[in-house]
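Colleague: I have a new model open on my screen and would like to learn how to read it. Could you walk me through a few features?

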Amino acid sequence: MTDHVFTVPLDHTEPGGATIEVFARELADPVRADDQLPWLLYLQGGPGGKSPRPLNATAGWLDHALKTHRVLLLDQRGTGRSTPVTARSATRFDSPRRLAGHLALLRADSIVADAELIRRELCGDRPWETLGQSYGGFLTLSYLSHAPEGLHACYVTGGLPGLHTTADDVYAATYPRVRDKVTAHYTRHPGDRALLRRIADLLGRRPVHLPDGDRLTVRRLRTLGLMLGMGDGSARLHWLLEEALDADGEPSATFLRQVMQLTAFTDNPLFAALQESIYGHSGAATGWAAARALAAHPEFAEDADPLLLTGEMIYPWMFREIAGLRPFAEAVELLAERTDWPDLYDPARLAANRVPVAAAIYHDDMYVDAGLSLRTARSIGSLRAWVTNEWEHDGVTASGGRVLARLMDLAADRI
């Protein structure tokens with residue numbers, strides 16, 4: 001492992017202006033550390049997700065990648081060790097407008113520009129390969145749109161966005177998928193339906209506070225549904241609920257602490273702050289699309305039985321009620337109103353693409369709509385898509401390297 005720190009412009013349109021640091025960790029098999037291996041850049045999901053810290057290189061996609069590649073784990077700007085934006089650092093901006101302006105410079109176009117500076121420093125003129133997980137697939141299409149000369153091949157797992165879709169389009173498709181995931185969870189664990197309704201009724205009768213002082217409301221409880229899109233998400237939710245109430249029928253200390261950790265956004269506030277901004281298009285404000293779409297789905301009412309959990313939706317109330325998000329409240333309002341977003345994708349350039357791209361589309365993906373992904377796949381040159389329901393959104397990790405291996409074979413025309 002070799003750590004790298006790069007100094008890059010905060011705003012790539014002003015290269016002589018303010019700078020930030022971007023961190024990346026290079027990994028190589030010790031046996032092949034001195035070989036001239038091709039590079040594989042890993043683009044983490046999110047937005048706002050730092051790159052994974054390698055705990056066990058013999059498990060998952062990393063083991064497969066290190067057999068043939070030198071891997072670079074990038075902390076995207078604003079995350080991990082890359083001049084991180086946290087609740088504390090957000091309070092240091094002298095106005096919400098300045099914070100909003102900084103957050104707007106953390107989107108895909110800026111991340112791609114960082115990657116190109118890093119590539120040239122590490123690889124010279126040689127293009128590299130990328131593995132984009134979830135939001136990393138969004139970054140991949142932005143990369144192919146703006147700097148395809150830097151790419152030799154691209155692998156995408158659960159992350160082909162709609163090229164023309166708005167935030168409203170995304171959430172109109174999201175609520176039915178989340179409903180189906182929650183319904184499937186209740187079918188698998190029938191007792192959880194009554195238990196969640198019981199907990200929600202208790203929270204509605206009197207205040208219950210989490211260890212950090214935040215109140216646990218019904219709507220915050222419902223955000224636990226975010227985990228249901230992962231392969232083990234339903235099981236993790238079930239075991240969390242197993243110890244939800246103590247002997248007196250009150251929310252247990254164990255449950256409250258775990259709910260706080262799962263819903264506080266302490267480690268990744270940018271996930272919430274930037275969630276709808278990644279769908280921002282020129283001429284249209286995102287305008288809290290998830291909150292507006294909720295009104296069209298009465299089955300998601302807080303007093304409904306069964307109680308439907310929510311998923312990858314971010315709401316205005318979160319920035320008032322969650323301590324780690326409050327410093328972002330006024331800035332994200334400004335982002336929600338913004339209409340002059342730069343375009344992240346170039347459909348004409350993507351249609352003429354010649355870089356081999358292999359994409360896994362998870363048929364039952366809760367986070368990224370398979371229908372939108374298939375439409376995008378048909379509009380990108382040199383892209384081969386593999387549609388599967390064998391894996392959930394975390395298939396590249398859960399499959400032990402099998403998903404990446406298949407994508408590499410697809411891109412190389414070996415299958």
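Modeller: Gladly; we will go from the sheet to single residues, keeping in mind that this is a predicted model.

Colleague: Let's begin with the sheet. In what order do the eight strands come?

Modeller: The general idea is that strands of a sheet pair through backbone hydrogen bonds, either parallel or antiparallel. Here the order is E1-E2-E4-E3-E5-E6-E7-E8, in an open sheet with mixed pairing. Strand E1 (2-9) and strand E8 (383-388) are the edges, each pairing on one side only. On average, neighbouring strands are turned by 20° against each other, direction ignored.

Colleague: How many bridges join E1 to E2?

Modeller: Eight, and the two strands run antiparallel, with E2 spanning residues 19-27. For an example, find Asp3: its bridge partner in E2 is Arg25.

Colleague: Which helix packs on the sheet and touches strand E7 and E8?

Modeller: That is helix H16 (residues 370-377), whose direction makes about 160° with that of E7 (357-362).

Colleague: Now a single residue. Is Asn353 buried or exposed?

Modeller: The idea is to compare the relative accessible area with a cut-off: buried means under 20%. Asn353 has 5%, so this residue is buried. Asn353 sits in the loop between helix H15 (347-351) and E7. Its side chain reaches the backbone oxygen of Val355 at 2.8 Å. Farther along the sequence, Asn353 touches residues including Leu144 and Ile380.

Colleague: And where is His281?

Modeller: Look in the loop between helix H11 (269-273) and helix H12 (289-294). Among the residues His281 touches are His164, Thr339 and Trp341.

Conventions
Residues are numbered from 1 along each chain as its sequence is written. This is a predicted model: local features need pLDDT of at least 70, side-chain atom pairs count only at pLDDT 80 or more; totals for chains, interfaces and linings use all residues. Side-chain values use heavy atoms; hydrogens and water are left out. Two strands pair if DSSP finds at least two bridges between them. Helices (H or I, at least four residues) and strands (E, at least two) are DSSP runs, numbered from the N terminus. Axes are lines fitted to C-alpha atoms, for helices over the stretch in contact, and angles run from 0 to 180 degrees between N-to-C directions. Contact means heavy atoms within 4.5 Å. Buried means under 20% relative accessible area, exposed over 50%, partly exposed in between (1.4 Å probe, protein chains only). A polar contact is a pair of N or O atoms within 3.5 Å; within protein, one must be able to donate a hydrogen and the other to accept it, and residues adjacent in sequence count only if both atoms are side-chain atoms. Lists of a residue's contacts leave out its neighbours within four places in sequence.
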